[in-house]
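Reader: I am new to this structure and should be grateful for a close look at a single part of it. Would you please take one sheet and describe how its strands are arranged?

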Amino acid sequence: MTPRILRSTTGRILRQLRHDRRTIALMLLVPVLLLTLLYFMYENAPGVFDGIGLIMLGIFPFVIMFLVTSIAMLRERTSGTLERLLTTPTGKLDLLFAYGIAFGAAAAVQASIAAGVAYWLYDLDTAGTTGLVILIAIANAVLGVALGLFCSAFARTEFQAVQFMPVVVVPQLLLCGLFVARDQMAGWLQAISNALPMTYAVEALQEVGAHPDPTDKLWRDLGIVAGCIVVALVFAAATLRRRSP
Amino acid sequence: METAIEVRDLVVERGKRRVLHGLSCAIPRGSVTGLLGPSGSGKTTLMRAIVGVQVVKAGVVKVLGQAAGSAALRHRIGYQTQSPSVYPDLTVRENVRYFASLYNGITAADADQTVVDVGLGEQAGQLVGTLSGGQYARASLACALVCRPEVLILDEPTVGQDPVLRDELWQQFRVMAATGTTLLVSSHVMDEAGRCDRLLLIREGDLIADDSPEAIRDATGLHDLEAAFLHLIRSTQTPAEAAR
C-alpha cells in the first residue's frame with residue numbers, strides 16, 4: 001500500500017460522489033424519512049421506537065453502503081478502469097481501502113444526521129451515548145462496503161448487482177433479532193443468525209440502548225464486526241486479478 | 001538497436017480459441033511501431049500480454065528487460081485500452097490529475113499540461129461523460145500519457161478523431177519517440193502506418209510482416225501500404241481460405 005495513492009484514490013471516489021448530487025441527497029435524506037415514518041408508526045406505543053429506531057440507525061448505513069459500493073465497484077470492473085488501475089502502481093489494497101474510507105466517511109455523515117434527528121427530533125432514548133451508536137453505525141457501513149466490494153465480483157451487470165441486495169441483506173435483517181428475539185428462534189435459525197455479522201451489530205446497539213457504559217459484550221460484538229470486515233476485504237482482494245483470460 | 005519489448009513464442013488462448021500461435025517479435029527502444037491487422041486478428045490480445053493483464057498459455061514477454069506485468073514496470077508503462085477507460089462522472093482535469101497522482105513525481109501541473117496536449121484544454125472542466133466520442137477517447141489517452149512512461153501501449157488511439165487532431169497526435173508520438181519513449185500503436189488507418197518506424201502485421205494470431213514501411217513497400221513492389229498489406233494478407237492465405 002502507498003499512502004499517496006490511497007489518499008488520492010479516496011479523494012477520487014469522494015469527488016465522483018460529489019458530482020452525483022442526487023445520490024448524496026438520497027443517501028442523507030432517505031434514512032431520515034424512514035425514521036420519521038417509524039416514529040409516527042409507533043407514536044402511540046411508548047418505548048417501541050427506542051428499540052426499533054436504534055436498530056435502524058445501524059441497519060440503514062449497512063444497506064445503503066452495500067448497494068452503493070457494489071454498483072460503484074462493478075462499474076470499475078466493467079468500464080475497464082479497474083484493469084487500467086492494475087497496470088499502474090496502484091495496489092489492490094489501495095483501491096479496497098480507499099473505497100472503505102471514502103464510503104465510511106460518507107456513512108459517518110449519514111449516521112450523524114440520522115442519529116441527530118432520532119435523538120433530538122424524535123426523542124430517542126438510550127442508556128448509552130450517541131457517539132457509540134454512531135461508531136457502530138460506521139462499523140456497519142464499512143461492513144456493507146466490504147461485502148459490496150466482494151459481491152460485485154459475482155455480477156456482470158448493474159441489473160444483477162442490485163439483485164444481490166435481497167440475497168445478502170434481507171436474511172441478515174430477518175434473523176438479526178429485529179422481528180423475533182433471537183432466543184425465541186428455532187435452534188437452526190439461531191445457528192444461522194450466529195453466523196451473520198449484522199446479528200452482532202444489532203446486539204451491540206441493543207447493549208448501548210440498555211447500559212449507560214460500554215459493556216464487554218459491546219466491544220466483543222464490535223470486534224466480531226471488525227473481523228468480518230477484514231475477512232470480506234481479503235475475499236474482495238482475491239477477486240481482483242491483474243491478469244484475466 | 002536496444003530492444004524495449006521482446007515477445008518470444010507467445011501462445012494465448014481465450015476460451016477454447018487459440019488467439020496467438022507462438023508469436024515472436026522485438027520492438028526497438030525509442031521508436032513508433034504500428035500494430036496492424038484485420039479485426040479479430042489478435043492485436044488487442046498481444047497488447048494486453050505486453051502490458052501484463054492477459055493470462056498467457058506459453059511463451060515469454062519482456063518489457064525493458066523485465067517480465068511483463070511485474071511490479072517495477074507499473075511505473076514505466078502507459079496503456080490506453082481500446083474502449084476508453086476513464087471515469088465519466090469526473091471532469092477531464094479530475095481524471096487526468098487522478099491518474100497523475102498514482103505516479104511518483106508527476107504533478108497536477110503536468111496533468112493540466114497533458115490535458116492541453118491532447119486538445120482538451122477548453123473541455124478541462126467538463127464531465128467526461130458529456131464529451132463527444134472522440135473527446136472521450138482523448139481523455140483516456142491523456143490518462144495514459146500523463147505518467148510520461150518509457151513504454152506506451154496505445155490501442156487504436158486515433159479512432160474517431162478528425163484529420164487535424166490525428167495529425168497533431170501523431171506529431172506528439174514522434175516527439176515522444178525522439179526523446180526515447182517506445183510506442184506500440186495499433187491502428188486501422190493505413191495513412192498512419194506510413195508514419196511508423198516499424199510495422200507489425202498480424203493475421204489470425206500469426207505475424208506475417210515485421211519490417212519498416214519502406215521495406216514492406218519494396219518487398220511487395222507496391223507503393224501504397226494498403227495495397228501492400230492486402231497483398232501480404234492474401235498471399236499468406238491458404239487456397240481453401242481464399243476460395244471462401
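**The sheet of chain B**

Author: In this predicted model, strand β9 (residues 198-203) of chain B is joined to β10(B) by 5 bridges, and the two strands run antiparallel. Within this pair, Leu199(B) has Asp211(B) of β10(B) as its bridge partner. The hairpin that β9(B) and β10(B) form has 2 residues between the strands, and in this hairpin Glu204(B) adopts a positive phi near 45 degrees.

The pair belongs to a wider arrangement. An open sheet of 6 strands in chain B follows the order β6-β7-β8-β3-β9-β10, with mixed pairing. The edges of the sheet are occupied by β6 (77-80) and β10 (206-211) of chain B; each has a single partner strand, so one side of each remains without a neighbour in the sheet. On average, and with direction ignored, neighbouring strands of this sheet are turned by 15 degrees against each other. In general, the strands of a sheet pair through backbone hydrogen bonds, either parallel or antiparallel.

At the edge formed by β6(B), the partner is strand β7 (residues 151-155) of chain B; 4 bridges join the two, and they run parallel. Here Ile77(B) stands opposite Val151(B) in β7(B). A helix also takes part in this region: α4 (residues 133-145) of chain B packs on the sheet and touches β6 and β7 of chain B. The direction of this helix makes about 170 degrees with that of β6(B).

The two edges of the sheet may thus be set side by side. β6(B) is joined to β7(B) by 4 bridges in a parallel pairing, whereas β10(B) is joined to β9(B) by 5 bridges in an antiparallel one. Both kinds of pairing are therefore present, and the pairing of the sheet is mixed.

For the wider setting, chain B also touches chain A, in a contact that takes 24 residues from chain B and 22 residues from chain A. On the side of chain A, α1 (3-19) and α4 (81-85) each supply at least two residues. The largest share of that side, 7 residues, comes from α1(A). By class, the side of chain A that touches chain B consists of 4 nonpolar, 10 polar and 8 charged residues.

Technical notes: Residues numbered from 1 in each chain as written. Chains lettered and ligands numbered in written order. Predicted model: local features only at pLDDT ≥ 70, side-chain atom pairs only at ≥ 80, totals over all residues. Pairing = 2+ DSSP bridges. Axes fitted to C-alpha atoms, helices over the stretch in contact; angles between N-to-C directions. Contact = placed C-beta atoms within 7 Å. Nonpolar A, V, L, I, M, F, W, Y, C, P; charged D, E, K, R; others polar.
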